[in-house]
Amino acid sequence: MADKRLDLRDVPPARRHPKIHDAFASLASGETLTIVNDHEPKPLFYEFRAEVETFDADGYEVTSRDDQTFVATLPKK
């Protein structure tokens, strides 16, 4: 399974979700997008679950390294 990684901490907030959606769309089935973010990406999870048919919500995981570093994996069906 391939893994694409995006560190979004230095990306302006308005550009983050489009960048994530583009990266996720470029994945093949069974691949995973890992994002590093400066806040809990819970709104992104709900957005993907509602809008992205190929998002595997059951395989989604998020961990916190500290108060400003969150790592989330978004698997593609």
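**Sheet, helix packing and selected residues**

In this predicted model, I35 lies in strand β2, which spans residues 32–37. The relative accessible area of I35 is 0%, so this residue is buried. When neighbours within four places in sequence are left aside, I35 is in contact with L6, L8, I20, P41, L44, F70, V71, A72 and L74. The C-alpha atom of I35 is separated by 14 Å from that of F48, a residue 13 places away along the chain.

The burial of I35 is shared by the rest of its strand. In β2, 6 of the 6 residues are buried, so the strand is largely enclosed by the rest of the structure. Both faces of β2 are covered. On one side the buried residues are T32, T34 and V36, and on the other they are L33, I35 and N37.

Strand β2 belongs to an open sheet of 4 strands, arranged in the order β1-β2-β4-β3. The pairing in this sheet is mixed. Strands β1 (3–7) and β3 are the edge strands, each pairing on one side only. From one strand to the next, the twist averages 15°.

Both parallel and antiparallel pairs can be described. Strands β1 and β2 run parallel and are joined by 5 bridges. Within this part of the sheet, K4 stands opposite L33 in β2. Strand β3 (residues 61–66) and strand β4 (residues 69–75), by contrast, pair in the antiparallel sense, over 5 bridges. The connection from β3 to β4 is a hairpin of 2 residues. Two bridge partners in β4 can be named for this pair: V71 is the partner of T63, and T69 is the partner of D66.

T69, found in strand β4, was examined further. Its relative accessibility is 8%, and because buried means under 20% relative accessible area, T69 counts as buried. Leaving aside neighbours within four places in sequence, the contacts of T69 are R9, V36, N37, T63 and S64. Of these contacts, V36 and N37 are also listed among the buried residues of β2, on opposite sides of that strand.

Helix α1 lies across three strands of the sheet, namely β1, β2 and β4. Relative to β2, the helix runs at about 160°.

The packing of the two helices was then considered. Two packed helices are described by the angle between their axes and by the distance between those axes. For helix α1 (residues 13–25) and helix α2 (residues 42–51), the angle is about 50° and the axes are 12 Å apart. This angle makes α1 oblique to α2. The crossing in which α1 passes α2 is right-handed. On the α1 side, the contact is made by H17, I20, H21 and F24, and on the α2 side by L44, E47 and F48. Sorted by class, the residues of this contact are 4 nonpolar, 2 polar and 1 charged.

F48, one of the α2 residues in that contact, lies in helix α2 and counts as buried, at 0% relative accessibility. Apart from residues up to four places away in sequence, F48 touches I20, H21, F24, F55 and L74. Among these, I20, H21 and F24 are α1 residues of the contact between the helices. Two of the residues touched by F48, I20 and L74, also appear among the contacts of I35. The C-alpha atoms of F48 and G30, which are 18 residues apart along the chain, are separated by 16 Å.

The segment after β4 contains K77. At 55% relative accessibility, K77 counts as exposed, whereas F48 is buried. Not counting residues up to four places away in sequence, K77 touches S29, G30, E53, T54, F55 and D56. One of these residues, F55, is also touched by F48. The C-alpha atoms of K77 and D56 are separated by 5.4 Å, although the two residues are 21 apart along the chain.

Key. Residues numbered from 1 in each chain as written. Predicted model: local features only at pLDDT ≥ 70, side-chain atom pairs only at ≥ 80, totals over all residues. Heavy atoms only, no water. Axes fitted to C-alpha atoms, helices over the stretch in contact; angles between N-to-C directions. Parallel < 35°, antiparallel > 145°, perpendicular 65-115°, else oblique. Left-handed = near helix turned anticlockwise from the far one by under 90°. Contact = heavy atoms within 4.5 Å. Nonpolar A, V, L, I, M, F, W, Y, C, P; charged D, E, K, R; others polar. Pairing = 2+ DSSP bridges. Buried < 20%, exposed > 50% of the residue type's maximum accessible area, 1.4 Å probe, protein only.
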